[in-house]
Protein chains: 2
Amino acid sequence: MNHVASEARAAADVRVPVAAVIDFTADAFSACGLPADDARAVAELMTEADLIGSDAHGVFRVPQYVGRLQARQINPTPNITIRRSAPGTGHVDGDNGMGHLVMAFAARKAVEIARETGVAWVGARRSNHAGAAGVYAAIPLAHDMIGIYAAAAGSNHMAPWGGAEPMLGTNPIAVAIPAGAEAPVVLDIATSVASFGKIRSHALAGEPMPEGWAIDPKSGAPITDARRVNEGLLLPIGGYKGSGLSLIVGLLAGPLNAATANCDVQPEAPGRESNTGQFIIALDVSRFMPIDAFKAEIDRQVRTMTASAPLPGTDGVRIPGQWRLRHKRDRQQNGVPLAKVLLRQLDELAKKLQLKPLTER
Amino acid sequence: MNHVASEARAAADVRVPVAAVIDFTADAFSACGLPADDARAVAELMTEADLIGSDAHGVFRVPQYVGRLQARQINPTPNITIRRSAPGTGHVDGDNGMGHLVMAFAARKAVEIARETGVAWVGARRSNHAGAAGVYAAIPLAHDMIGIYAAAAGSNHMAPWGGAEPMLGTNPIAVAIPAGAEAPVVLDIATSVASFGKIRSHALAGEPMPEGWAIDPKSGAPITDARRVNEGLLLPIGGYKGSGLSLIVGLLAGPLNAATANCDVQPEAPGRESNTGQFIIALDVSRFMPIDAFKAEIDRQVRTMTASAPLPGTDGVRIPGQWRLRHKRDRQQNGVPLAKVLLRQLDELAKKLQLKPLTER
């Protein structure tokens, strides 16, 4: 289990205060030319990923994003705009800005639109990698709305079903549903068995991958060395089902938005815009049912399931979103657990950018 | 592979003309009190499932639905209504009618609404089992729209992740995307590794299930005898991911619509209404991109992937929707392949209902 591994690792890691992670991340992006408000907004969205346990999408990604900004692959000062294409739809032009800014903008617009029309579908083109999908799906929650987010990945690690060429990303899907006293139900999944981010974390930690995560395209045999993942293909969830989900997400996030996806994805290169596509749906619960009655129903379902009998050999029922909240409470209080090898990388980055290192904050 | 097994079986089966299947099915439902137009509409939607290869949702289900109508579990003469709860949303009351009628109505309304607002979300309560999810997702295609459909199953065969009690259905998801000269991309998947319908087909055909489809909740050990499936739990795609998808679909199709889902599902009983919930989203492509340009892009992506290198040991790349179209063309011309054991069951049903048997049509 992802979370068990994450917990085990956390014990061996250094706990860094949340404010320090945000400040460091914001300073790093300011140093790359982002306006102070934007740098801070990106830092808060990335640190949210660290808080909820989406460790592969938090401060871990700072060096990668800094590299892209320095290589002029991402526009540090975008003019993000929306075309209201119909009463319920919007088409965002991200002006090649950081994906976090583009999709936070898109999510806020989706909430505004859904307030009027009950449901909103906002797609984005000319965006970039936005990090943890669940962070954006969860934005409508504060407005008593359901959020659905999906994204076309900027690199391909899966093949279409029956194929040997990497033409599909791990294209993630996230859904967030408001609850009352219980944790909101938040599902955030890659359409591959393991996300590429998770595999990179394994590689960084020197941990092997289990069989069933990746195969060698020449033979179909499993690959278990996380550092060799670039030679392999990631496997989709449920065979042709997950492959189909990835393809569909790619088509809805990509071509529908005039963005790039699936077989059209190009390798990164200095100065090359990714034209990443994502979309978000906001749905106003109150158009179907009074919000308090709905939240009470969600609480009741969650409690009934959580109290049900455990499968032998497991820790019992876990509802998506419960661990996010548990991680968040723990980390807000005790700091974000970061691997020592990651802290060393971030200290090197600080040196290059002439910033105060994270370990000294 | 589903389709390969289906092909192999087809060769041993009897081919029955499409018109005969529709007529027989319509007559069966007329005999149960459905008005002639409704009986025919249900028959056409069910036979569409037979045409596209969703064999577990076609005429195979007639005896089950007839049993429910005779046990007064389903209202043969419903007054299906919609409450337009917001400009982009609708809430359908199915009046406990056949799910096929309720969701075909909901899909048509979703298309009408999306024509105005760009996107529509139409949920239904007091519906019933509607058969093949892909049939409804595909309704918007004829209007150059994207369709997304999902349903809360009326019986539970999966446990929440980590649990041993059946509190989740195989809650299916279907998405349909228009293409140009290529087959529309249509994904129709249960959130379990295998649908309960597929397992019933295996049981009927006396075929074993592969490992990974079902487990014994007392031990976690695999079950491979399809006839023993009621003792076991079906496994979700991708472990906790598919379990989470099933839960989410259940919450969006069930509680949001004031319908029943997940842990609230009750066993069938004479006179007991299922209060099944489903929803459909229609999205008007033209609000994002000119439809012809979009279709050309989908064609191009499909062709690029279909032409890519095959994985050793497979028949090469298969895009969701290609087999549906191939099945449909074959079966429209050569008839629907039906197992002899199924034909015998249908002949017995014809006798009970005093109808001309399917084998004599």
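Strand 3 of chain B, residues 89-93, is largely enclosed by the rest of the structure, because five of its five residues are buried. The structure discussed here is a predicted model. In a regular strand, the side chains alternate between the two faces of the sheet. In strand 3 of chain B, both faces are covered. Thr89(B), His91(B) and Asp93(B) lie on one side, Gly90(B) and Val92(B) lie on the other, and all of them are buried.

**Neighbours of strand 3**

Strand 3 of chain B pairs with strand 2 of chain B, which comprises residues 81-86, in the antiparallel sense over four bridges. These two strands of chain B, strand 2 and strand 3, form a hairpin, with two residues between them. Within this pairing, Thr81(B) stands opposite Asp93(B) of strand 3 of chain B.

Strand 3 of chain B is also joined to strand 4 of chain B, residues 119-127, by five bridges, and these strands run parallel. Here Gly90(B) has Val122(B), in strand 4 of chain B, as its bridge partner.

**An unusual backbone angle in strand 4**

Most residues other than glycine have a negative phi. Which sign does phi take in Arg126(A)? Phi of Arg126(A) is positive, at about 50°, although the residue is not a glycine. Arg126(B) likewise has a positive phi, near 50°. The table sets out the position and accessibility of each residue.

| Residue | Element | Relative accessibility |
|---|---|---|
| Arg126(A) | strand 4 of chain A | 22%, partly exposed |
| Arg126(B) | strand 4 of chain B | 22%, partly exposed |

Arg126(A) counts as partly exposed because its relative accessibility of 22% falls between the limits of 20% for buried and 50% for exposed residues. The value of 22% places Arg126(B) in the partly exposed class as well.

**A buried threonine in helix 3**

Thr47(B) belongs to helix 3 of chain B, which covers residues 36-52. Is Thr47(B) buried or exposed? With a relative accessible area of 1%, Thr47(B) is buried, because this value is under 20%. A polar atom of the side chain of Thr47(B) lies 2.7 Å from the backbone oxygen of Ala43(B). When residues up to four places away in sequence are not counted, Thr47(B) touches Val18(B), Val21(B) and Ile22(B).

**The contact between the chains**

Chain A and chain B meet in a contact that takes 82 residues from chain B and 82 residues from chain A. The area buried between chain B and chain A is about 6,700 Å², and carbon and sulfur atoms give 74% of this area. On the side of chain B, the residues that lose the most area to chain A are Lys241(B), Leu256(B) and Phe288(B), which together account for 11% of what that side buries.

How many salt bridges are counted between chain B and chain A? The count is two salt bridges. One salt bridge is formed by Asp264(B) with Arg300(A), whose closest N and O atoms are 2.8 Å apart. Between chain B and chain A there are also 30 residue pairs in polar contact, with both residues at pLDDT 80 or more.

Helix 8 of chain B, residues 240-253, gives the most to the side of chain B that touches chain A, contributing eight residues. By class, this side of chain B has 50 nonpolar, 21 polar and 11 charged residues.

Methods:
Residues numbered from 1 in each chain as written. Chains lettered and ligands numbered in written order. Predicted model: local features only at pLDDT ≥ 70, side-chain atom pairs only at ≥ 80, totals over all residues. Heavy atoms only, no water. Contact = heavy atoms within 4.5 Å. Buried area = accessible area lost by both parts, 1.4 Å probe. Salt bridge = Lys/Arg side-chain N within 4 Å of Asp/Glu carboxyl O. Polar contact = N/O pair within 3.5 Å; in protein donor to acceptor, adjacent residues only side chain to side chain. Nonpolar A, V, L, I, M, F, W, Y, C, P; charged D, E, K, R; others polar. Buried < 20%, exposed > 50% of the residue type's maximum accessible area, 1.4 Å probe, protein only. Pairing = 2+ DSSP bridges.
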